[in-house]
Amino acid sequence: MEEKSSIFTATHGVMTVEVGVISGELELRTTCDDEGALTLAITYVGAEEWYTLPGEHYRLHDPRDHEVVHRMLVTVLERP
């Protein structure tokens, strides 16, 4: 299992399942297993509680694409 984490600033906010929209300095964590199952979680930088991004059953065709997909998600979530 591989985990990636990135810190970014979301000025317009990011929707979460648990608390709705959060914004500010956030950390995105993506985890991908050997079969390509991808999980997405987000938190405020320095916080302990992680939130789920909407959607279910994310799967990569090839687990080697994890890095690229993680960077794309950060870029999209950080957009002004």
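Me: What makes Glu2, Lys4, Glu67 and Arg71 a network of salt bridges?

Reply: In this predicted model, the four residues are linked through pairs that can be checked one at a time against the limit of 4 Å between a side-chain nitrogen of Lys or Arg and a carboxyl oxygen of Asp or Glu. Lys4 and Glu2 have their closest N and O atoms 3.0 Å apart, and the side chains of Glu67 and Lys4 likewise meet at 3.0 Å, N to O. Arg71 and Glu67 complete the chain of links, with their closest N and O atoms 3.7 Å apart. Each of these distances falls within 4 Å, so each pair is called a salt bridge. By this rule the count in the model comes to four salt bridges.

Me: What makes the pair of Glu67 and Lys4 a tie between parts that are separate in sequence?

Reply: Glu67 belongs to helix H1 while Lys4 belongs to strand S1, so their salt bridge ties together parts that are 63 residues apart in sequence. The pair of Arg71 and Glu67, by contrast, lies wholly in helix H1, with four residues, about one turn of the helix, between one position and the other.

Me: Why is Lys4 called buried, and how are Glu2, Glu67 and Arg71 classed?

Reply: Buried means under 20% relative accessible area, and Lys4 has 16%, so it counts as buried. Glu2 has a relative accessible area of 35%, Glu67 has 31%, and Arg71 has 47%. These three values lie between the 20% and 50% limits, and therefore Glu2, Glu67 and Arg71 are all classed as partly exposed.

Me: How do you know that Thr43 is buried, and what does the side chain of Thr43 meet?

Reply: The relative accessibility of Thr43 is 1%, which is under 20%, so the residue counts as buried. Thr43 is found in strand S3, residues 37–44, and a polar atom of its side chain lies 2.7 Å from the backbone oxygen of Glu49. That distance is within the 3.5 Å allowed for a polar contact. Leaving aside residues up to four places away in sequence, Thr43 touches Glu25, Leu26, Glu27, Glu49 and Trp50.

Me: Which residues touch the most other members of the largest nonpolar core, and where does the core draw its residues from?

Reply: The largest nonpolar core has 16 residues, of which Phe8, Val14, Leu26, Ile42, Leu53 and Leu77 touch the most other members. Strands S1 (2–16), S2 (20–32) and S3, together with helix H1 (66–78), each supply at least two residues, and S2 gives the most, with four. The contacts of Leu26, again without residues up to four places away in sequence, include Phe8, Val14 and Ile42, as well as Thr43.

Me: How do you know that S1 and S2 are paired, and in which sense do S2 and S3 pair?

Reply: Two strands pair if there are at least two bridges between them, and twelve bridges join S1 to S2, so these strands are paired, running antiparallel. Val14 stands opposite Ile22 in S2, and a hairpin of three residues joins S1 to S2. S2 and S3 also pair in the antiparallel sense, over seven bridges, with Leu28 bridged to Ile42 in S3. The hairpin of S2 and S3 has four residues between the strands, and there Gly36 takes a positive phi near 95°.

Me: Why is Pro54 called partly exposed?

Reply: Pro54 has a relative accessible area of 38%, a value between 20% and 50%, so it is called partly exposed. It sits in the loop between strand S4 (51–52) and strand S5 (58–59), and it touches Met15, Thr16 and Val17, residues up to four places away in sequence not being counted.

Me: What makes the protein chain as compact as a globular protein of its length?

Reply: The chain has one helix and five strands, in the order β-β-β-β-β-α along the sequence. Its radius of gyration is 12 Å, close to the 12 Å that the globule rule gives for 80 residues, so the chain is as compact as a globular protein of that length. Along its principal axes the C-alpha trace spans about 30 × 25 × 20 Å, and buried residues make up 35% of the 80 residues.

Note on methods: Residues numbered from 1 in each chain as written. Predicted model: local features only at pLDDT ≥ 70, side-chain atom pairs only at ≥ 80, totals over all residues. Heavy atoms only, no water. Buried < 20%, exposed > 50% of the residue type's maximum accessible area, 1.4 Å probe, protein only. Polar contact = N/O pair within 3.5 Å; in protein donor to acceptor, adjacent residues only side chain to side chain. Contact = heavy atoms within 4.5 Å. Core = buried A, V, L, I, M, F, W, Y, C linked by side-chain atoms within 4.5 Å. Rg over C-alpha atoms; globule rule 2.2 N^0.38 Å.
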